[in-house]
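Here is a short tour of one protein chain, written to be read alongside the sequence and the 3D view. Keep both at hand as you go.

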Amino acid sequence: MRVGAVLVARGAALPGAGVGGDRGTLDIGDRVRLTGRVTLEVLSPPVLTAGRAHAYDNDGSLVLLLRIGKRRVLLPADIEAPAERWLVASGMALHADALVLPHHGSRSSSTPELVAAVRPALAVVSAGAGNRHGHPHAEVLARYAGALLLRTDEHGDVTLTSDGERLWARAARGGLEAAP
């Protein structure tokens with residue numbers, strides 16, 4: 001696969017030799033236009049206050065909001081409760097149609113406040129089957145009771161598709177297709 005650009009959070013290690021294309025850093029508020037109707041917006045980490053607000057390495061993960069027309073998908077990477085609290089307190093509009101669970105559904109993430117702020121119709125858990133951390137945890141999954149929940153450990157690859165008006169999810173195993 002040819003890599004056109006590598007974008008990372010400020011302070012993150014840039015990939016080593018052999019990666020082609022441009023290299024650059026992203027900061028909170030940056031927007032990357034992928035197509036005419038698809039953008040990525042950086043919601044976190046805040047560079048100036050990252051040392052105080054994000055004490056854990058995971059909390060320095062890039063939190064991205066993918067916009068496809070009217071549809072919104074929140075990609076919080078490995079953030080944990082402190083970064084989630086910061087996001088909710090920031091006043092940013094966090095509501096999204098779909099959410100990839102932070103930190104693979106670990107106990108240290110998916111605070112009730114974040115789940116309430118995002119209110120996803122679809123929640124996707126990216127976790128390996130039988131992983132040593134026990135992700136996702138049952139009490140975390142219970143917080144997403146109102147959402148369609150797809151898990152890579154049970155459903156295989158999950159693909160989201162959107163025409164900008166609607167959003168569809170397809171799971172590799174079980175032939176599950178849904179429009180949350």
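The sections below go from the whole chain to its cores, its charged pairs and a few single residues.

## The chain as a whole

What you see is a predicted model. The average pLDDT of the chain is 83, and 79% of the residues score at least 70. One stretch to treat with care is residues 17–21, where the pLDDT is below 50. Beyond near neighbours in sequence, that stretch has five contacts in the model.

The secondary structure comes to five helices and twelve strands. The chain has 180 residues, and 41% of them count as buried. Among the contacts with a sequence separation of 6 or more, 48% are between residues 24 or more positions apart. The accessible surface is about 9,500 Å², and carbon and sulfur atoms account for 53% of that surface.

## The nonpolar cores

Which residues have the most contacts inside the largest nonpolar core? They are Leu43, Leu74, Leu101, Val118 and Tyr144, in a core of 21 residues. Two or more residues each come from strand S5 (63–68), helix H2, helix H3 (112–118), strand S8 (122–125) and helix H4 (138–142). H3 gives the largest share, three residues.

A second core is separate and has 15 residues, including Leu64, Ile68, Leu122 and Val124. Back in the largest core, Leu43 is a good residue to click on. Leaving out residues up to four places away in sequence, Leu43 touches Ile28, Val63, Leu65, Leu74, Trp86, Leu87, Met92 and Leu94.

## Charged pairs

Side chains of opposite charge can pair when their charged atoms come close. In this model the count comes to eight salt bridges. One of them joins Glu41 and Arg31, with the closest N and O atoms 3.3 Å apart. Glu41 sits in strand S4 (residues 38–44) and Arg31 in strand S3 (residues 31–33), so this pair ties together parts that are ten residues apart in sequence. The two partners have quite unlike surroundings: Glu41 is buried, at a relative accessible area of 11%, whereas Arg31 is exposed, at 57%. Both also belong to a network of salt bridges that takes in Arg67.

Another salt bridge brings together the side chains of Arg71 and Asp97, at 2.8 Å from N to O. Here the pair links distant parts of the chain, 26 residues apart: Arg71 is in strand S6 (residues 71–75), and Asp97 is in the loop between helix H2 (81–90) and strand S7 (98–100). Is Asp97 buried or exposed? Its relative accessibility is 16%, and the cut-off for buried is under 20%, so Asp97 counts as buried. Arg71 is partly exposed, with a relative accessible area of 22%.

Arg151 and Glu154 form a further salt bridge, with their closest N and O atoms 3.3 Å apart. Arg151 counts as buried at 15% relative accessibility, while Glu154 is partly exposed at 45%.

## A hairpin to look at

Strand S10 (residues 158–162) and strand S11 (residues 167–171) pair in the antiparallel sense, over five bridges. To find your way along the pairing, start from Leu160, whose bridge partner in S11 is Ala169.

Four residues lie between the two strands of this hairpin. Which residue there takes a positive phi? It is Gly164, with a phi near 95°.

## Two buried residues

Val8 lies in strand S1 (residues 5–9). With a relative accessibility of 12%, Val8 counts as buried. Val8 and Asp27 are 19 residues apart in sequence, and their C-alpha atoms are 8.7 Å apart in space.

Thr111 is in the loop between S7 and H3. Although it belongs to a loop, Thr111 is buried, with a relative accessible area of 10%. What is Thr111 in contact with, leaving aside neighbours within four places in sequence? The contacts are Ala81, Glu84 and Arg143.

Conventions. Residues are numbered from 1 along each chain as its sequence is written. This is a predicted model: local features need pLDDT of at least 70, side-chain atom pairs count only at pLDDT 80 or more; totals for chains, interfaces and linings use all residues. Side-chain values use heavy atoms; hydrogens and water are left out. A salt bridge is a side-chain nitrogen of Lys or Arg within 4 Å of a carboxyl oxygen of Asp or Glu. Buried means under 20% relative accessible area, exposed over 50%, partly exposed in between (1.4 Å probe, protein chains only). pLDDT is the predictor's confidence in each residue, from 0 to 100. Contact means heavy atoms within 4.5 Å. A nonpolar core is a set of buried Ala, Val, Leu, Ile, Met, Phe, Trp, Tyr and Cys residues joined through side-chain atoms within 4.5 Å. Two strands pair if DSSP finds at least two bridges between them. Accessible areas come from the Shrake-Rupley method with a 1.4 Å probe; for residues, only the protein chains shown count as cover.
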